[in-house]
Amino acid sequence: MPFIVATGLLFVIIIVVVAKLSSVKKQLLSVKDELTHSHKAIADYEEKYVDIIDIDKEVDERESQLAAYQTEAEHKRSQVNDDIEQLRNQYKQKKTVFDSLIYQVGIYNDDVELLELGFYESHFDFATSEEFKDEIRRCKEDQKRLVRDKDITGAIYCTTQWTLGDSKVEGRKMTNRGIRLTARAFNNECEAAIANCTWKNAVKMEARIAKAFEAINNLNESNRIVISEQYLELKLKELRLTYEYKEKKQREKEEQAEIKAQMREEAKIEAEIKKAEQEAIKEEARYQKALKVAQTQLESASEEARANLEAQIAQLQSDLEQAEQKHQRAQSMAEQTKQGHVYVISNIGSFGEDVYKIGMTRRLEPLDRVKELGDASVPFSFDVHAMIHTSDAPSLEKELHRQFDHKRLNMVNRRKEFFNVELTKIKQAVEEFASEKVEFIETAVAQDYHETKAILKQAEMKEAIRLGQSVDADSKVPQFAESI
(Lines give C-alpha, C1' and ligand atoms only; values in the text may rest on other atoms or scores of the structure.)
Protein backbone atom coordinates (compact mmCIF):
# COMPACT_ATOMS: atom_id res chain seq x y z
CA MET A 1 0.00 0.00 0.00
CA PRO A 2 2.69 2.49 0.84
CA PHE A 3 4.43 1.50 -2.36
CA ILE A 4 1.35 2.30 -4.41
CA VAL A 5 1.09 5.75 -2.76
CA ALA A 6 4.76 6.49 -3.39
CA THR A 7 4.42 5.39 -6.98
CA GLY A 8 1.40 7.66 -7.44
CA LEU A 9 3.22 10.65 -5.96
CA LEU A 10 6.22 9.96 -8.17
CA PHE A 11 3.96 9.80 -11.23
CA VAL A 12 2.34 13.08 -10.29
CA ILE A 13 5.74 14.68 -9.79
CA ILE A 14 6.90 13.37 -13.19
CA ILE A 15 3.78 14.78 -14.85
CA VAL A 16 4.38 18.17 -13.17
CA VAL A 17 8.06 18.13 -14.20
CA VAL A 18 7.16 17.19 -17.78
CA ALA A 19 4.61 20.00 -17.86
CA LYS A 20 7.19 22.41 -16.52
CA LEU A 21 9.76 21.21 -19.06
CA SER A 22 7.21 21.62 -21.83
CA SER A 23 6.51 25.17 -20.69
CA VAL A 24 10.22 25.99 -20.46
CA LYS A 25 10.75 24.50 -23.93
CA LYS A 26 8.05 26.72 -25.33
CA GLN A 27 9.64 29.75 -23.66
CA LEU A 28 13.06 28.78 -25.04
CA LEU A 29 11.57 28.46 -28.50
CA SER A 30 9.93 31.88 -28.15
CA VAL A 31 13.20 33.47 -26.97
CA LYS A 32 15.02 31.75 -29.82
CA ASP A 33 12.52 33.17 -32.30
CA GLU A 34 12.96 36.62 -30.77
CA LEU A 35 16.76 36.29 -30.97
CA THR A 36 16.52 35.21 -34.57
CA HIS A 37 14.25 38.15 -35.33
CA SER A 38 16.65 40.51 -33.50
CA HIS A 39 19.68 39.15 -35.35
CA LYS A 40 17.82 39.60 -38.63
CA ALA A 41 16.88 43.19 -37.69
CA ILE A 42 20.48 43.91 -36.69
CA ALA A 43 21.69 42.49 -39.97
CA ASP A 44 19.22 44.67 -41.86
CA TYR A 45 20.37 47.76 -39.93
CA GLU A 46 24.02 46.92 -40.52
CA GLU A 47 23.36 46.52 -44.21
CA LYS A 48 21.36 49.77 -44.35
CA TYR A 49 23.76 51.95 -42.22
CA VAL A 50 27.00 50.28 -43.09
CA ASP A 51 28.66 53.68 -43.95
CA ILE A 52 28.13 55.24 -40.52
CA ILE A 53 28.21 52.33 -38.19
CA ASP A 54 31.99 52.18 -38.37
CA ILE A 55 32.63 55.04 -35.92
CA ASP A 56 36.41 54.99 -36.11
CA LYS A 57 36.28 55.08 -39.87
CA GLU A 58 33.79 57.98 -39.74
CA VAL A 59 35.96 59.93 -37.28
CA ASP A 60 39.03 59.47 -39.46
CA GLU A 61 37.14 60.63 -42.53
CA ARG A 62 35.77 63.69 -40.71
CA GLU A 63 39.23 64.59 -39.40
CA SER A 64 40.62 64.32 -42.92
CA GLN A 65 37.85 66.60 -44.23
CA LEU A 66 38.51 69.10 -41.41
CA ALA A 67 42.22 69.16 -42.20
CA ALA A 68 41.40 69.81 -45.85
CA TYR A 69 39.06 72.63 -44.89
CA GLN A 70 41.72 74.16 -42.61
CA THR A 71 44.32 74.00 -45.36
CA GLU A 72 41.94 75.68 -47.78
CA ALA A 73 41.02 78.35 -45.19
CA GLU A 74 44.71 79.07 -44.49
CA HIS A 75 45.31 79.41 -48.19
CA LYS A 76 42.39 81.81 -48.59
CA ARG A 77 43.47 83.81 -45.50
CA SER A 78 46.96 84.09 -46.95
CA GLN A 79 45.47 85.30 -50.22
CA VAL A 80 43.27 87.86 -48.39
CA ASN A 81 46.27 89.13 -46.38
CA ASP A 82 48.26 89.48 -49.58
CA ASP A 83 45.36 91.38 -51.16
CA ILE A 84 45.09 93.65 -48.10
CA GLU A 85 48.82 94.37 -48.12
CA GLN A 86 48.68 95.08 -51.82
CA LEU A 87 45.71 97.43 -51.32
CA ARG A 88 47.55 99.21 -48.51
CA ASN A 89 50.59 99.72 -50.70
CA GLN A 90 48.40 100.97 -53.52
CA TYR A 91 46.59 103.30 -51.08
CA LYS A 92 49.90 104.72 -49.83
CA GLN A 93 51.08 105.34 -53.38
CA LYS A 94 47.79 106.90 -54.46
CA LYS A 95 47.55 108.93 -51.21
CA THR A 96 50.99 110.36 -51.92
CA VAL A 97 49.87 111.30 -55.42
CA PHE A 98 46.59 112.69 -54.07
CA ASP A 99 48.34 114.81 -51.42
CA SER A 100 50.73 116.10 -54.04
CA LEU A 101 47.84 117.03 -56.33
CA ILE A 102 45.94 118.69 -53.47
CA TYR A 103 49.05 120.71 -52.62
CA GLN A 104 49.54 121.77 -56.23
CA VAL A 105 45.85 122.65 -56.61
CA GLY A 106 46.00 124.51 -53.31
CA ILE A 107 48.72 126.76 -54.71
CA TYR A 108 46.18 128.10 -57.21
CA ASN A 109 43.01 127.75 -55.14
CA ASP A 110 42.28 130.29 -52.40
CA ASP A 111 39.54 128.08 -50.96
CA VAL A 112 42.03 125.55 -49.57
CA GLU A 113 42.29 125.76 -45.79
CA LEU A 114 45.03 128.00 -44.44
CA LEU A 115 46.49 125.23 -42.26
CA GLU A 116 47.03 122.92 -45.26
CA LEU A 117 49.86 125.11 -46.53
CA GLY A 118 50.96 126.75 -43.29
CA PHE A 119 51.25 130.25 -41.87
CA TYR A 120 53.48 132.94 -43.25
CA GLU A 121 56.42 133.86 -41.02
CA SER A 122 57.96 137.31 -41.25
CA HIS A 123 61.38 137.53 -42.92
CA PHE A 124 62.14 141.21 -42.26
CA ASP A 125 62.12 143.47 -39.23
CA PHE A 126 61.98 147.00 -40.61
CA ALA A 127 60.56 149.62 -38.26
CA THR A 128 58.57 151.63 -40.84
CA SER A 129 56.81 151.07 -44.14
CA GLU A 130 59.25 153.48 -45.81
CA GLU A 131 62.14 151.12 -45.00
CA PHE A 132 60.20 148.30 -46.67
CA LYS A 133 59.63 150.54 -49.68
CA ASP A 134 63.35 151.31 -50.00
CA GLU A 135 64.22 147.60 -49.74
CA ILE A 136 61.67 146.74 -52.47
CA ARG A 137 63.29 149.31 -54.75
CA ARG A 138 66.75 147.83 -54.10
CA CYS A 139 65.41 144.32 -54.76
CA LYS A 140 63.99 145.38 -58.13
CA GLU A 141 67.29 147.04 -59.04
CA ASP A 142 69.10 143.76 -58.30
CA GLN A 143 66.63 141.94 -60.57
CA LYS A 144 67.25 144.38 -63.43
CA ARG A 145 71.00 143.92 -63.02
CA LEU A 146 70.64 140.14 -63.26
CA VAL A 147 68.36 140.40 -66.32
CA ARG A 148 70.97 142.50 -68.15
CA ASP A 149 73.55 139.72 -67.68
CA LYS A 150 73.16 137.11 -70.42
CA ASP A 151 75.77 134.68 -69.14
CA ILE A 152 75.56 132.02 -66.42
CA THR A 153 75.65 134.66 -63.67
CA GLY A 154 72.47 136.34 -65.00
CA ALA A 155 68.78 135.87 -64.35
CA ILE A 156 67.99 133.75 -67.42
CA TYR A 157 70.65 132.18 -69.63
CA CYS A 158 71.24 129.45 -72.20
CA THR A 159 73.85 126.75 -71.60
CA THR A 160 74.27 125.94 -75.33
CA GLN A 161 75.33 128.08 -78.30
CA TRP A 162 72.73 127.12 -80.88
CA THR A 163 73.11 127.37 -84.64
CA LEU A 164 70.11 127.73 -86.95
CA GLY A 165 70.67 126.79 -90.63
CA ASP A 166 74.42 126.71 -90.02
CA SER A 167 74.16 130.30 -88.74
CA LYS A 168 75.29 131.16 -85.23
CA VAL A 169 73.72 134.63 -85.57
CA GLU A 170 70.29 133.11 -86.21
CA GLY A 171 70.94 130.72 -83.36
CA ARG A 172 71.61 133.63 -80.99
CA LYS A 173 68.42 135.35 -82.19
CA MET A 174 66.44 132.18 -81.49
CA THR A 175 68.06 131.90 -78.04
CA ASN A 176 67.31 135.55 -77.21
CA ARG A 177 63.67 135.10 -78.25
CA GLY A 178 63.46 132.07 -76.01
CA ILE A 179 65.01 133.99 -73.10
CA ARG A 180 62.56 136.88 -73.59
CA LEU A 181 59.58 134.51 -73.72
CA THR A 182 60.84 132.75 -70.59
CA ALA A 183 61.34 136.05 -68.77
CA ARG A 184 57.87 137.25 -69.78
CA ALA A 185 56.21 134.01 -68.65
CA PHE A 186 58.03 133.84 -65.32
CA ASN A 187 57.69 137.56 -64.57
CA ASN A 188 53.95 137.46 -65.32
CA GLU A 189 53.50 134.55 -62.91
CA CYS A 190 55.48 136.40 -60.25
CA GLU A 191 53.62 139.68 -60.74
CA ALA A 192 50.26 137.92 -60.48
CA ALA A 193 51.35 136.17 -57.29
CA ILE A 194 52.71 139.40 -55.77
CA ALA A 195 49.58 141.37 -56.69
CA ASN A 196 47.20 138.78 -55.22
CA CYS A 197 49.20 138.07 -52.06
CA THR A 198 47.24 138.42 -48.80
CA TRP A 199 47.63 137.19 -45.21
CA LYS A 200 45.57 134.12 -46.11
CA ASN A 201 47.57 132.97 -49.13
CA ALA A 202 51.09 134.34 -48.62
CA VAL A 203 52.61 130.84 -48.30
CA LYS A 204 50.64 129.65 -51.34
CA MET A 205 51.97 132.55 -53.41
CA GLU A 206 55.53 131.56 -52.47
CA ALA A 207 54.79 128.01 -53.58
CA ARG A 208 53.17 129.29 -56.80
CA ILE A 209 56.32 131.19 -57.78
CA ALA A 210 58.49 128.15 -56.98
CA LYS A 211 56.14 125.94 -59.02
CA ALA A 212 56.28 128.32 -61.98
CA PHE A 213 60.10 128.35 -61.74
CA GLU A 214 60.21 124.55 -61.83
CA ALA A 215 57.61 124.15 -64.60
CA ILE A 216 59.18 126.74 -66.94
CA ASN A 217 62.66 125.30 -66.44
CA ASN A 218 61.30 121.83 -67.27
CA LEU A 219 59.65 123.13 -70.45
CA ASN A 220 62.90 124.83 -71.50
CA GLU A 221 65.04 121.78 -70.81
CA SER A 222 65.30 120.92 -74.53
CA ASN A 223 66.25 124.54 -75.35
CA ARG A 224 68.86 124.59 -72.56
CA ILE A 225 67.37 127.87 -71.25
CA VAL A 226 67.51 128.16 -67.47
CA ILE A 227 66.08 130.57 -64.86
CA SER A 228 68.71 130.97 -62.18
CA GLU A 229 68.16 130.17 -58.51
CA GLN A 230 69.41 133.67 -57.68
CA TYR A 231 66.65 135.25 -59.76
CA LEU A 232 64.07 133.01 -58.07
CA GLU A 233 65.28 134.11 -54.63
CA LEU A 234 65.00 137.78 -55.63
CA LYS A 235 61.42 137.24 -56.81
CA LEU A 236 60.53 135.48 -53.57
CA LYS A 237 62.18 138.32 -51.67
CA GLU A 238 60.10 140.86 -53.61
CA LEU A 239 56.93 138.90 -52.79
CA ARG A 240 57.76 138.81 -49.09
CA LEU A 241 58.79 142.44 -48.97
CA THR A 242 55.64 143.56 -50.77
CA TYR A 243 53.39 141.52 -48.51
CA GLU A 244 55.08 142.68 -45.32
CA TYR A 245 55.07 146.28 -46.63
CA LYS A 246 51.27 146.09 -47.04
CA GLU A 247 50.89 144.60 -43.57
CA LYS A 248 53.15 147.27 -42.05
CA LYS A 249 51.24 150.00 -43.86
CA GLN A 250 47.95 148.65 -42.53
CA ARG A 251 49.32 148.46 -38.99
CA GLU A 252 50.57 152.04 -39.26
CA LYS A 253 47.09 153.13 -40.36
CA GLU A 254 45.58 151.33 -37.38
CA GLU A 255 48.13 152.87 -35.04
CA GLN A 256 47.40 156.32 -36.46
CA ALA A 257 43.69 155.71 -36.00
CA GLU A 258 44.37 154.57 -32.44
CA ILE A 259 46.47 157.68 -31.76
CA LYS A 260 43.74 159.92 -33.17
CA ALA A 261 41.13 158.11 -31.08
CA GLN A 262 43.34 158.55 -28.02
CA MET A 263 43.78 162.24 -28.82
CA ARG A 264 40.01 162.61 -29.16
CA GLU A 265 39.56 160.76 -25.87
CA GLU A 266 42.12 162.99 -24.15
CA ALA A 267 40.49 166.10 -25.60
CA LYS A 268 37.15 164.84 -24.36
CA ILE A 269 38.61 164.16 -20.93
CA GLU A 270 40.17 167.61 -20.85
CA ALA A 271 36.87 169.17 -21.81
CA GLU A 272 35.10 167.15 -19.10
CA ILE A 273 37.66 168.24 -16.52
CA LYS A 274 37.33 171.91 -17.51
CA LYS A 275 33.55 171.64 -17.48
CA ALA A 276 33.61 169.93 -14.08
CA GLU A 277 35.99 172.59 -12.76
CA GLN A 278 33.77 175.44 -14.00
CA GLU A 279 30.69 173.77 -12.55
CA ALA A 280 32.51 173.29 -9.23
CA ILE A 281 33.48 176.99 -9.20
CA LYS A 282 29.88 178.02 -9.91
CA GLU A 283 28.61 175.67 -7.19
CA GLU A 284 31.14 177.08 -4.71
CA ALA A 285 30.05 180.62 -5.53
CA ARG A 286 26.36 179.70 -5.28
CA TYR A 287 26.77 177.94 -1.93
CA GLN A 288 28.99 180.73 -0.56
CA LYS A 289 26.39 183.32 -1.56
CA ALA A 290 23.55 181.26 -0.05
CA LEU A 291 25.61 180.66 3.11
CA LYS A 292 26.35 184.37 3.44
CA VAL A 293 22.66 185.23 3.07
CA ALA A 294 21.70 182.59 5.65
CA GLN A 295 24.32 183.84 8.12
CA THR A 296 23.05 187.44 7.68
CA GLN A 297 19.48 186.31 8.28
CA LEU A 298 20.61 184.39 11.36
CA GLU A 299 21.88 187.57 13.02
CA SER A 300 18.42 189.17 13.00
CA ALA A 301 16.27 186.04 13.22
CA SER A 302 13.91 185.22 16.04
CA GLU A 303 14.41 182.29 18.35
CA GLU A 304 11.88 180.22 16.43
CA ALA A 305 13.58 180.80 13.03
CA ARG A 306 17.13 180.36 14.32
CA ALA A 307 16.85 176.54 14.50
CA ASN A 308 15.77 176.26 10.85
CA LEU A 309 18.45 178.71 9.72
CA GLU A 310 21.16 176.88 11.65
CA ALA A 311 20.14 173.58 9.99
CA GLN A 312 20.13 175.33 6.63
CA ILE A 313 23.59 176.78 7.30
CA ALA A 314 24.95 173.35 8.29
CA GLN A 315 23.60 171.82 5.04
CA LEU A 316 25.03 174.68 2.98
CA GLN A 317 28.42 174.27 4.64
CA SER A 318 28.34 170.54 3.83
CA ASP A 319 27.37 171.25 0.20
CA LEU A 320 30.08 173.90 -0.03
CA GLU A 321 32.66 171.43 1.28
CA GLN A 322 31.62 168.83 -1.33
CA ALA A 323 31.80 171.44 -4.10
CA GLU A 324 35.32 172.43 -2.97
CA GLN A 325 36.38 168.76 -2.96
CA LYS A 326 34.98 168.35 -6.46
CA HIS A 327 36.87 171.43 -7.57
CA GLN A 328 40.10 170.11 -6.03
CA ARG A 329 39.61 166.70 -7.69
CA ALA A 330 39.09 168.33 -11.08
CA GLN A 331 42.24 170.42 -10.59
CA SER A 332 44.17 167.31 -9.51
CA MET A 333 43.01 165.38 -12.59
CA ALA A 334 44.04 168.26 -14.83
CA GLU A 335 47.49 168.43 -13.23
CA GLN A 336 48.19 164.69 -13.10
CA THR A 337 47.93 163.33 -16.64
CA LYS A 338 48.56 159.71 -15.52
CA GLN A 339 45.93 159.64 -12.82
CA GLY A 340 42.86 157.57 -13.72
CA HIS A 341 41.03 154.27 -13.33
CA VAL A 342 41.97 150.77 -14.47
CA TYR A 343 38.80 148.72 -14.97
CA VAL A 344 38.09 144.97 -15.18
CA ILE A 345 34.82 144.21 -16.98
CA SER A 346 33.12 141.19 -18.54
CA ASN A 347 30.32 140.46 -21.00
CA ILE A 348 29.15 136.84 -20.68
CA GLY A 349 26.44 137.19 -23.34
CA SER A 350 28.92 138.47 -25.92
CA PHE A 351 32.18 136.66 -25.11
CA GLY A 352 31.34 133.81 -22.71
CA GLU A 353 32.68 132.86 -19.30
CA ASP A 354 36.14 133.86 -18.01
CA VAL A 355 36.72 136.52 -20.67
CA TYR A 356 37.61 139.94 -19.23
CA LYS A 357 38.58 143.30 -20.68
CA ILE A 358 41.32 145.11 -18.77
CA GLY A 359 41.50 148.77 -19.77
CA MET A 360 41.95 152.27 -18.39
CA THR A 361 40.22 155.62 -18.47
CA ARG A 362 41.09 159.08 -17.16
CA ARG A 363 37.53 160.34 -17.08
CA LEU A 364 36.12 161.87 -13.93
CA GLU A 365 33.19 159.45 -14.23
CA PRO A 366 34.87 156.17 -15.30
CA LEU A 367 31.58 154.30 -15.65
CA ASP A 368 30.76 156.55 -18.63
CA ARG A 369 33.58 154.76 -20.50
CA VAL A 370 32.15 151.33 -19.62
CA LYS A 371 28.71 152.47 -20.80
CA GLU A 372 30.22 153.60 -24.11
CA LEU A 373 31.81 150.19 -24.62
CA GLY A 374 28.46 148.50 -23.95
CA ASP A 375 26.66 150.84 -26.35
CA ALA A 376 29.14 150.18 -29.19
CA SER A 377 28.96 146.89 -31.08
CA VAL A 378 28.09 144.23 -28.51
CA PRO A 379 24.58 142.87 -27.91
CA PHE A 380 24.76 143.10 -24.10
CA SER A 381 26.11 145.58 -21.60
CA PHE A 382 29.32 145.01 -19.59
CA ASP A 383 29.49 144.04 -15.93
CA VAL A 384 32.08 145.89 -13.82
CA HIS A 385 34.17 143.63 -11.57
CA ALA A 386 36.72 146.23 -10.43
CA MET A 387 37.32 149.98 -10.84
CA ILE A 388 40.84 150.73 -9.57
CA HIS A 389 41.75 154.38 -8.98
CA THR A 390 45.50 154.94 -9.24
CA SER A 391 47.95 157.77 -9.73
CA ASP A 392 49.64 155.91 -12.62
CA ALA A 393 46.87 154.14 -14.56
CA PRO A 394 48.95 153.49 -17.74
CA SER A 395 51.65 151.64 -15.76
CA LEU A 396 49.16 149.44 -13.90
CA GLU A 397 47.29 148.63 -17.11
CA LYS A 398 50.55 147.82 -18.91
CA GLU A 399 51.71 145.55 -16.08
CA LEU A 400 48.41 143.62 -16.05
CA HIS A 401 48.54 143.25 -19.84
CA ARG A 402 52.09 141.92 -19.59
CA GLN A 403 51.11 139.47 -16.85
CA PHE A 404 48.30 137.94 -18.95
CA ASP A 405 49.81 138.43 -22.40
CA HIS A 406 49.71 134.68 -23.14
CA LYS A 407 45.98 134.67 -22.32
CA ARG A 408 44.96 137.21 -24.96
CA LEU A 409 41.96 136.36 -27.14
CA ASN A 410 43.56 138.15 -30.09
CA MET A 411 47.26 137.29 -30.35
CA VAL A 412 47.72 139.43 -33.49
CA ASN A 413 46.16 142.80 -32.62
CA ARG A 414 47.75 143.73 -29.31
CA ARG A 415 45.42 146.72 -28.89
CA LYS A 416 42.50 144.38 -28.19
CA GLU A 417 42.41 144.17 -24.41
CA PHE A 418 40.41 140.94 -23.89
CA PHE A 419 41.89 138.07 -21.90
CA ASN A 420 40.73 134.49 -21.29
CA VAL A 421 41.68 134.19 -17.63
CA GLU A 422 40.01 133.49 -14.29
CA LEU A 423 38.94 136.52 -12.27
CA THR A 424 40.76 135.22 -9.18
CA LYS A 425 44.07 135.42 -11.05
CA ILE A 426 43.34 138.99 -12.14
CA LYS A 427 42.54 139.81 -8.52
CA GLN A 428 45.84 138.31 -7.34
CA ALA A 429 47.77 140.32 -9.94
CA VAL A 430 46.00 143.56 -8.99
CA GLU A 431 46.71 142.98 -5.30
CA GLU A 432 50.37 142.44 -6.20
CA PHE A 433 50.77 145.63 -8.25
CA ALA A 434 48.17 148.04 -6.81
CA SER A 435 49.21 150.12 -3.81
CA GLU A 436 45.74 150.16 -2.22
CA LYS A 437 43.22 147.42 -1.44
CA VAL A 438 40.76 146.90 -4.29
CA GLU A 439 37.24 145.53 -3.95
CA PHE A 440 36.29 142.96 -6.59
CA ILE A 441 32.74 141.99 -7.56
CA GLU A 442 33.15 138.34 -8.47
CA THR A 443 29.61 137.56 -9.68
CA ALA A 444 28.61 138.86 -13.11
CA VAL A 445 24.93 139.90 -13.10
CA ALA A 446 24.54 139.87 -16.92
CA GLN A 447 20.90 140.84 -16.46
CA ASP A 448 20.05 141.44 -20.13
CA TYR A 449 21.67 138.16 -21.15
CA HIS A 450 19.91 136.00 -18.55
CA GLU A 451 16.54 137.68 -19.12
CA THR A 452 16.96 137.09 -22.87
CA LYS A 453 17.64 133.40 -22.21
CA ALA A 454 14.51 133.19 -20.07
CA ILE A 455 12.39 134.86 -22.78
CA LEU A 456 13.70 132.48 -25.45
CA LYS A 457 13.08 129.48 -23.17
CA GLN A 458 9.53 130.60 -22.56
CA ALA A 459 8.97 131.04 -26.31
CA GLU A 460 10.28 127.51 -26.94
CA MET A 461 7.89 126.09 -24.32
CA LYS A 462 4.92 127.93 -25.79
CA GLU A 463 5.80 126.62 -29.25
CA ALA A 464 6.14 123.07 -27.89
CA ILE A 465 2.73 123.32 -26.18
CA ARG A 466 1.18 124.68 -29.39
CA LEU A 467 2.53 121.71 -31.34
CA GLY A 468 1.24 119.28 -28.71
CA GLN A 469 4.67 118.19 -27.56
CA SER A 470 5.33 117.16 -23.98
CA VAL A 471 7.17 119.59 -21.75
CA ASP A 472 9.40 118.23 -18.99
CA ALA A 473 8.92 119.50 -15.48
CA ASP A 474 12.64 120.32 -15.45
CA SER A 475 12.13 122.57 -18.47
CA LYS A 476 10.05 125.13 -16.60
CA VAL A 477 10.86 128.73 -17.36
CA PRO A 478 13.42 129.98 -14.82
CA GLN A 479 12.78 133.09 -12.85
CA PHE A 480 15.41 135.77 -13.26
CA ALA A 481 16.69 135.23 -9.72
CA GLU A 482 17.18 131.53 -10.53
CA SER A 483 19.00 132.24 -13.78
CA ILE A 484 21.72 134.24 -12.05
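Of this protein's 484 residues, 28% count as buried (under 20% relative accessible area with a 1.4 Å probe, protein chains only). Keep in mind that this is a predicted model, where local features need pLDDT of at least 70, side-chain atom pairs count only at pLDDT 80 or more, and totals for chains, interfaces and linings use all residues. Residues are numbered from 1 along each chain as its sequence is written, and side-chain values use heavy atoms, with hydrogens and water left out.

The protein has 15 helices and six strands, which are DSSP runs numbered from the N terminus (H or I of at least four residues for helices, E of at least two for strands).

Let's start with helix H6 (residues 168-195) and helix H7 (residues 202-219). Their axes come within 9 Å and cross at roughly 170 degrees; axes here are lines fitted to C-alpha atoms over the stretch in contact, with angles running from 0 to 180 degrees between N-to-C directions. That makes H6 roughly antiparallel to H7 (angles over 145 degrees). In contact terms (heavy atoms within 4.5 Å), residues including Phe186 and Cys190 in H6 meet residues including Ile209 and Phe213 in H7.

Now for helix H12 (residues 393-403) and helix H13 (residues 423-433). Here the axes come within 11 Å and cross at roughly 135 degrees, so H12 and H13 are oblique to each other (outside the ranges under 35, 65 to 115 and over 145 degrees). Leu396, Glu399, Leu400, Arg402 and Gln403 of H12 make the contact with Ala429, Val430 and Phe433 of H13.

Note on methods: Buried < 20%, exposed > 50% of the residue type's maximum accessible area, 1.4 Å probe, protein only.
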